[in-house]
Amino acid sequence: MFPEEVLEHVFSFLNSHTDRNTASLVCKSWYEMERWCRKRVFIGNCYAVNPRVVIRRFPEVKSVELKGKPHFADFNLVPEGWGGYVYPWIVEIARAYPWLEEIRLKRMVVTDECLEIVAKSFRNFRVLVLESCEGFSTDGLAAVAANCRNLRVLDLRECEVEELSGHWLSHFPDSFTSLESLNMACLGSEVSFSALERLVARSPNLKTLRLNRTVPIEKLSTLLQRAPQLVDFGTGAYSAEIRQDVYSRLADAFSRSKNLKSLSGFWDVTPAYLPAIYSVCSQLTSLNLSYAATRSPDLTKIVSQCYNLQRLVVLDYIEDTGLNTVSMSCKDLRELVVFPSDPFVGEVDVLLTEQGLVSVSQGCSKLQSVLYFCHQMSNSALISISKNRPNLTCFRLCIIEPRVPDYVTHEPLDVGFGSIVENCKQLTRLSMSGLLTDRVFEYIGTHAKNLDMLSIAFAGDSDLGLHHVLSGCDSLRKLEIRDCPFGDKALLANASKLEKMRSLWMSSCLVSFGACKLLGQKMPGLNVEVIDERENVNSLPEYVPVEKVYIYRTVSGQRFDTPDFVRIMGKDKDDLYNLS
Amino acid sequence: MDVTLGLLPDSPAGDDGGGVPSGGSTTVKSILTKEDNNKNNMVMCSEVSSSYPVGDQNLGDLELGLGLSIGGGGGGGLKGKVVAGGGGWSQYARILTAKDFKQNSCSSSSCSVSIPNSATDSVSPTNGNSVVGWPPVSKAHRMPSLANENKSPTGNRISVTEQTKSKNRTVVINDYSNEKARISDKKYRSVKVNMDGSLIGRKVDLNAHTSYEMLAQTLEEMFFRRRSSTEAAKSSRLLDGTSEFVLTYEDKDGDCMLVGDVPWQMFLSSVKRLRIMKNSESNELAPRFQESHERRRTDVV
């Protein structure tokens, strides 16, 4: 038996949540020890547990991370008003953790009132990261700016913010000098440039600065000069009439930014200004040009100089030729993301095909993570990719037209994706598209033993497909499905599996109201939420499929903040007495 | 936390009446066969332990229960029992063969099963219809292309009014024309709406509406939960003064104004947030209230 101090010291080396969770299961004394020294809490589903329960177990927390809406909310599949309100959490943690330093939220509804509480409750508050959140305005930001005297990080990633004014930035007091990271890229309103410049000038530790679109290109050099220590820089709109003096100043400022490793922004790019960044290309480990609507030659010229690039996010304007250059020049590449420039256009005038991905998989031996949008794919390409890169951990392929077969053989893409899961044994995340039958799910169930998250759309033939996945994928925690002919049988047969997962989303499938009710009745550890906006939903018979169902494990029982289009099935007292 | 299921009222302790679980903790193989179109028997074996060797035989008739487990994987897990489940789960707890799954199967190229809100047709944009949320690109990464900047919006994009009609809810989904409007200088037009007496504020996208009537109907659905289509035909109660609430807004100057006085476009350009105010409080409105009370009857779009 080790004395507590030794155990505590040992635990301080355990940083991952899973390690800590495992350690706490060893024995009662380890549980007790661990809970008193846990500083960071991560809750992957805000409805899986009650804030009070968390607080009771972990009294000394300094950092809280919460996630709210299901992932498909990013694609507008979760109607507004569904939930994910952080307010109840904020109220409790404000009371319980006066020394809290960090809050990280993803896909949650955050109101100005929440931000005001945060601003006023935590004396040593340091880090606020809001990713894909909504519900607040620039007033809330102003409250944070004005009151969080020790703030280090204010990171707004892809949030929907009500823009009341740009003055929020001016609320940082003159005495405020601790800023290390500011990401305001998602905001639309113009901030006072002089306030911004003064803020940058008095923040010697500023490492990350991601501007929003309204900061003009002429002003960039001023900011870069004020912050030569910057590591991560996001420009504003990168466009203007080409003026030699502006260009020279900008190029000069970039060349002096010796610490710059990451670039992003580049809205509305004027291609003639792109060469200004050439001097830093070889330093870059991360480059996001996904807002740069410029053609392949410009993009290729840039990436050809990025010898140390590890992460590239780009539009399909890069085309196969550009990706070929990537495969030859960016030998350290770990992550590739290619977004579609115009997802809805029928005529494909961008020359990006499966070949681009194949060449990157050939040339970039460290490639682990792929998100790729394209218009065509073949089994042979997928097989090549899987053989080139067995070290893939995340493979997300979106062929823009649903149910499109192998463009060469016209067969389903089962074999191709099967090869991916068979060869890439460390694969933890997979998204599939194209024409897929139940067979691909058989492959997945057989081989994808490390798969943690799976996204399926417009695929499969029958319940057998879903059954393969639920019964075979031992590590599966998140499953999201849309528009597949999966129904009650597979779901009910694998009900116990659902308690081992964080969540299951099924929309536009064949799961009936009756099955949802039964599942909710039988599984007290699950919330079975039927999300259905049809007007006559209360009069539909039980065999009718629901529009959407979201099932997640929880220890806090059903929630009471649901809108009228969400029903938590099988939890009414009447239902419980009606077990058939 | 140890979750015990105790599903069936008549199952004694120790008897996993629900049959063998199909999750990763079982010690019995679950074996399903499937006959594909070419009549090649494919035996899919999801092996979870090596207790039972697998032959090449067609094991489609093996009596394996694939029901629910008892306990969170612990509690003796699996006793290797081959049980036909009893009680209410019998229909699910018995063997599942390919026959069970065949009912919903369809040919791979087209699915004739009716799936709610699914696109069973091709989603080629030339159809004039986009599918909600497809392709899966988040709002932040949807952007106008170079190629399209000079084109006028085609029938590719669902108009927002169509979307609103089909769903009775205001959600801006896949509305590319809105995206372009946003890029071309018009700011994101979602405003906060608070109702007196209600704790949770909502947001409404003004760009998704074309008239006061439409906006009021949306708000009534949001806050008063009125959804029947018969009531939709009547004019909005919020606007005509028959409700106990009135609809007001805060304009650029911070003044509280009654909604409906000015032309719609002018309203759009000056509104900052909306408030559904109790009628009793409406005396605090800007003095125009009395004279505009008469004007509200007319159509202000």
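## A proline in a loop

At 28% relative accessibility, A:Pro173 counts as partly exposed (from 20% to 50% relative accessible area; buried is under 20% and exposed over 50%, for a 1.4 Å probe and protein chains only). The model is a predicted one, in which local features need pLDDT of at least 70 and side-chain atom pairs pLDDT 80 or more, while totals for chains, interfaces and linings use all residues. Residues are numbered from 1 along each chain as written, chains are lettered from A and ligands numbered from 1 in the order written, and side-chain values use heavy atoms, without hydrogens or water.

Where does A:Pro173 sit? Look in the loop of chain A between strand S7 (160–162) and strand S8 (181–183); helices here are DSSP runs of H or I with at least four residues, strands are runs of E with at least two, and both are numbered from the N terminus. Leaving aside neighbours within four places in sequence, A:Pro173 is in contact (heavy atoms within 4.5 Å) with A:Ala145, A:Ala146 and A:Arg202. One of these partners, A:Ala145, is 28 residues away along the chain, yet the two C-alpha atoms are separated by 7.8 Å.

## The loop between S11 and H11

Another proline to find is A:Pro271, in the loop between S11 and H11 of chain A. A:Pro271 is partly exposed, at 35% relative accessibility. Not counting residues up to four places away in sequence, A:Pro271 touches A:Thr294 and A:Asp298. A:Thr294 is 23 residues from A:Pro271 in sequence, and their C-alpha atoms are 6.7 Å apart in space.

The loop between S11 and H11 also holds A:Asp268. This aspartate has a positive phi of about 50° although it is not a glycine, and A:Asp268 is partly exposed, with a relative accessible area of 37%.

Is A:Asn76 buried or exposed? A:Asn76 is buried, at a relative accessible area of 13%. Its phi is positive too, near 65°, in a residue other than glycine. You can find A:Asn76 in the loop between strand S2 (63–67) and helix H5 (87–96) of chain A.

## Aromatic pairs

How many aromatic pairs does a search of the whole structure find? The search finds 24 over all chains, where rings of Phe, Tyr and Trp (its six-membered ring) pair if their centres lie within 6.5 Å; planes under 30 degrees apart are stacked, over 60 edge-to-face and the rest tilted. One of the pairs joins A:Tyr238 and A:Tyr273 edge-to-face, at 6.4 Å centre to centre and 80° between the planes. The pair links distant parts of the chain, 35 residues apart: A:Tyr238 is in the loop between strand S10 (232–234) and helix H10 (244–256) of chain A, and A:Tyr273 is in the loop between strand S11 (262–264) and helix H11 (278–281) of chain A. Both A:Tyr238 and A:Tyr273 are buried.

In chain B, B:Tyr212 and B:Trp264 also form an edge-to-face pair, with 5.1 Å between centres and 90° between the planes. B:Tyr212 belongs to helix H5 (residues 212–224) of chain B and B:Trp264 to helix H8 (residues 264–270) of chain B, so this pair, too, links distant parts of the chain, 52 residues apart. B:Tyr212 is buried at 2% relative accessible area, and B:Trp264 is buried at 4%. Back in chain A, one aromatic cluster is formed by A:Tyr47, A:Phe72, A:Phe75, A:Trp82, A:Trp505, A:Tyr550 and A:Tyr552.

## Nonpolar cores and a covered helix

The largest nonpolar core has 201 residues, a core being a set of buried Ala, Val, Leu, Ile, Met, Phe, Trp, Tyr and Cys residues joined through side-chain atoms within 4.5 Å. A:Trp168, A:Tyr238, A:Phe254, A:Phe395, A:Ile444 and A:Leu479 touch the most other members. Beyond four places in sequence, A:Phe254 touches residues including A:Leu224, A:Phe233, A:Tyr238, A:Leu260 and A:Val280. Apart from the largest core lies another, of 25 residues, among them B:Val193, B:Leu239, B:Phe245 and B:Leu268.

Helix H21 (residues 513–522) of chain A is mostly covered, with nine of its 10 residues buried. Among them are A:Phe513, A:Cys516, A:Leu518 and A:Lys522.

## Chain B as a whole

Chain B has nine helices and seven strands, and 48% of its 301 residues are buried. Among contacts in chain B between residues at least 6 apart in sequence, 61% join residues at least 24 apart. Chain B also has a cis peptide bond, from B:Trp134 to B:Pro135, with omega near -5°. B:Pro135 lies in the loop between helix H2 (98–102) and helix H3 (160–167) of chain B.
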